[in-house]
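Let us walk through the aromatic side chains of this model. Keep the rings in view as you read.

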Amino acid sequence: MSRKFGLSVALTTPFDTNGDIAIGPMINQAERSLASGCSSVTLFGTTGEGSSIGTQERGEVISAFLEAGVAPNQIIVGVMADSVEDAAAQAGFALTKGVRNILLAPPFYFKNVSDEGLFRWFSAVFAQLGDNARDIIVYNIPSVTMVPLSVSLIGRLRSAFPDIVTGVKDSSGDWPFTEALLKAHRDLIILIGDERHLARGVRLGGQGAISGMANFVPHEIRLMAEEGKDDPRVEDFVPELLKFPVTAAVKVMVAQLSEDEIWLAVRPPLVSISGEGRNHLTSAFNALFRSKAA
């Protein structure tokens with residue numbers, strides 16, 4: 001593929017004291033990310049607590065971003081819904097607004113489902129989208145959904161819907177799987193979700209990343225996502241994040257670097273990280289990134 005996808009920040013979502021989305025700070029974070037070299041922002045992904053954000057809220061946020069001057073082709077929208085109707089409704093609204101891509105997770109309530117069942121679910125979503133169906137990045141994150149997308153299923157979706165399924169975000173954290181995916185699907189935009197594998201994956205043909213860490217180290221992640229440049233500091237910090245629920249941990253870092261505690265709030269069923277945990281993350285980050293550059 002001639003054009004690299006680049007780096008999309010998996011934008012985290014701030015909540016005010018009432019638990020409502022704080023759209024102003026969210027837009028500010030998006031603008032900072034774009035100014036720091038990210039080519040797009042991904043709304044409502046895992047880092048953005050997308051499964052906890054309803055359809056009406058999503059519409060309000062997308063509309064606010066567009067009104068603030070964020071270009072539609074700089075917006076990717078995550079969709080995490082079990083029903084075909086809800087998934088198609090959320091994706092359809094975003095696509096009619098001209099967003100760049102939809103990041104579409106599989107249905108995740110039922111476990112141990114077959115590839116055939118997943119194929120039928122994705123097919124039904126695309127059928128409901130009709131002529132609006134385009135630029136779908138399927139989302140493989142089995143640590144969260146417990147519903148893995150196999151290499152063969154991805155190939156079947158690509159063959160059946162070549163003008164609709166254009167990419168995969170692989171957040172499996174399983175390097176052998178990622179390597180097999182890269183070898184099998186040069187025709188797809190392969191995005192690496194685990195920053196420990198990012199640079200290596202890009203050197204093997206990956207197109208870039210949708211990254212939660214880009215919320216707080218965008219320059220470093222951009223070099224990995226666009227140039228395949230290794231950064232041991234990033235790779236060493238990932239295990240520190242994974243000592244905690246990763247979405248809340250990313251928010252700790254955004255709060256620390258922006259000096260704004262609004263970022264610490266998460267929606268149930270997630271809970272915020274304790275002061276001791278925040279101190280641990282800050283100390284680990286400073287040791288890696290504030291010392292002499294690696």
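Which residues form one aromatic cluster? Phe-119, Trp-121, Phe-122, Phe-126 and Phe-161 do. The model is predicted, and 10 aromatic pairs are found in it.

Start with two members of that cluster. Phe-122 and Phe-126 make a tilted aromatic pair. Their ring centres lie 6.3 Å apart, and the angle between the planes is 35°. Why is the pair called tilted? Stacked needs planes under 30 degrees apart and edge-to-face needs over 60, so the rest count as tilted.

Now look at the backbone. Both residues belong to helix α4, which spans residues 115-129. Phe-122 and Phe-126 are about one helical turn apart, because 4 residues separate them in this helix. Buried or exposed? Phe-122 is buried, at 0% relative accessible area. Phe-126 also counts as buried, with 3% relative accessibility.

Next comes a pair with another geometry. Phe-237 and Phe-289 meet edge-to-face, with 90° between the planes. The centre-to-centre distance is 6.2 Å. This pair links distant parts of the chain, 52 residues apart. Phe-237 sits in helix α10 (residues 232-241), while Phe-289 sits in helix α12 (residues 275-290). Both Phe-237 and Phe-289 are buried.

Charged side chains come last. Go back to the cluster, where Phe-119 is one of the members. Arg-156 lies over the face of Phe-119, 3.7 Å from the ring centre. Trp-175 has an arginine over its face too: Arg-200, at 4.0 Å from the ring centre.

Note on methods:
Residues numbered from 1 in each chain as written. Predicted model: local features only at pLDDT ≥ 70, side-chain atom pairs only at ≥ 80, totals over all residues. Heavy atoms only, no water. Phe/Tyr/Trp six-rings, centres within 6.5 Å; stacked < 30°, edge-to-face > 60°. Helix = DSSP H or I, 4+ residues; strand = E, 2+ residues; numbered from the N terminus. Buried < 20%, exposed > 50% of the residue type's maximum accessible area, 1.4 Å probe, protein only. Lys NZ or Arg CZ within 6 Å of the ring centre and 35° of its normal.
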